[in-house]
Amino acid sequence: MKINARILKSIKSLPAFPITIKKINRMISSPDYSAKELAGVIKYDQSITANILRMCNSAYFGLRHKVDNVQDAILYLGRENLVRAVLAAGISRYFKKTKGYAVEGIDLWEHSVSVALMAQILSRKIYNQEDPKLFTAAILHDVGKVVLGEYVCASCKKIKTLVSEKGYDFLEAEEEVLGVNHAQMGGEMALLWNFPADIKDAIAYHHRPDLVRRKSNGLVWLVYLADQICLMTGIGGGADGLAYRGLKEAFDKFKLRQQDVEEAMILLLRGMEDARELLDIVPDKRSVPRAAPQERSLRY
Amino acid sequence: MKEIVVGIADLKVSRNSDDIMVTYALGSCVAVAAYDPRARVGGLLHFMLPSSSLNVSKARENPSMFADTGLPVLFKSCYELGADKRRMVVKIAGGANIIGDASYFRVGQKNLTTLRKILWRNGILVSGEDTGSNTNRTLRFHIQDGRVLVRRSGGSLEAI
């Protein structure tokens, strides 16, 4: 894999993956985590604290009393929601700033959240349960776009032409023009950030799960499927549209039918409504606020 | 000039000449713009799936989710604002697909087929469209004169 030197340089200057998130994720994944210890870590991160309290006091949970401290919030939220709140608070700043792939009305963060929700919808359908690791992999699947965004911006015309006139899919077009596609780039970033191997694979192969060599546990296929269904629903990453190849094996692997896809799309609309708190997350001071308030693209 | 956003599985009607209806994020979903040029009444439907038989209770709750339940509501809502069936001009956009021929991914094609069938059965012609392919679309619909402009992702606004 030949990566354009300029792009490789920009990956080296990436900010470190928020250490608090790593720490918290590790603590939550142990079956008997203590709320007190967890609160001890979280309370030093302003952005995560703000967002956890915000989620806890949202209409979604409908609590009678206002939750005003992290430790109570941890108890109320429970493990699944805690994972969501922590991740969302910690990484949304990268996604919200991303340019290049964006189209009118949709940002990459909204797409990332939708894929994470869709992955859980599929996991419930297939395994009858949710999976925090899947949520992590899914919400990070397009992280490569955060770095590639500005290059795609500059080469957008070339890439578009390859897709619309030469029959390339978007990945092939990115490779041809930039020397690397956004999934590979995400994989490199995951490596740099020391993510577990299966999450790294899920990011690096989220458009081509059929190419994973390591024995896979389905994670990468679920992220792939979730991404494709979100793109179809229109909660897309943007400029790439639906220019990806459909892999039929994905359905055979999980014994899914067309009807399951359509039902999942309905559940997603509802899920996105409930996830407002994740979408309108409070930016922390390190992030650059969006220039102008955009009209929301989804209304229910 | 007022912009009215039509979301996914959503429907809006208007007879206010200042209004411009906008729908973003058309993937495999389809937008149907119906317009009576004399009454200057217009409606825009953004449906997601072809048939309400998938989930009848959902369809009752939100008919705009499906082609077969959304279309009747679209036309009826326009008539209520003074539109006349014989004058209706219909334009459509969306229905994109993931590349490849795995039918599981072809929700866009299914949406278009069902839509055309329903329109044809009711003797309604489609007078403009930008459909299929594998691109995202944004659609703008001017109530003043019924103009429908479509932007493919990364492209420019084009009238259909």
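**Chains A and B: a covered helix and an interface**

Colleague: How many of the eight residues of helix α11 of chain A are buried?

Modeller: This is a predicted model, where local features need pLDDT of at least 70, side-chain atom pairs count only at pLDDT 80 or more, and totals for chains, interfaces and linings use all residues. Residues are numbered from 1 along each chain as its sequence is written, chains are lettered from A and ligands numbered from 1 in the order written, and side-chain values use heavy atoms, leaving out hydrogens and water. Helix α11 of chain A spans residues 197–204 (helices are DSSP runs of H or I, at least four residues; strands are runs of E, at least two; both are numbered from the N terminus). Buried means under 20% relative accessible area, with a 1.4 Å probe and protein chains only, and for this mostly covered helix the number is six.

Colleague: Which elements cover those buried residues of α11(A)?

Modeller: The buried ones include Ile199(A), Asp201(A) and Ile203(A). What covers them, going by contact (heavy atoms within 4.5 Å), includes α7, α8, α10 and α12 of chain A.

Colleague: Why does Asp260(A) count as buried?

Modeller: Asp260(A) sits in helix α14 (residues 258–274) of chain A. Its side chain has a polar atom 2.7 Å from the backbone nitrogen of Arg257(A). Beyond its neighbours within four places in sequence, Asp260(A) is in contact with Lys125(A) and Lys255(A). It counts as buried because its relative accessibility is 6%.

Colleague: What area is buried between chain B and chain A?

Modeller: On the contact count, 38 residues of chain B meet 44 of chain A. Ile99(B), Tyr104(B) and Phe105(B) supply 22% of what chain B buries against chain A, more than any other three residues. Buried area is the accessible area (1.4 Å probe) that two parts lose on being put together, summed over both. Carbon and sulfur atoms give 64% of the total, which is about 3,300 Å².

Colleague: Which residue of chain A forms a salt bridge with Lys110(B)?

Modeller: A salt bridge here is a side-chain nitrogen of Lys or Arg within 4 Å of a carboxyl oxygen of Asp or Glu, and the rule finds one across this interface. Its closest N and O atoms are 2.8 Å apart, and the partner of Lys110(B) is Glu262(A).

How values were computed: Buried < 20%, exposed > 50% of the residue type's maximum accessible area, 1.4 Å probe, protein only. Polar contact = N/O pair within 3.5 Å; in protein donor to acceptor, adjacent residues only side chain to side chain.
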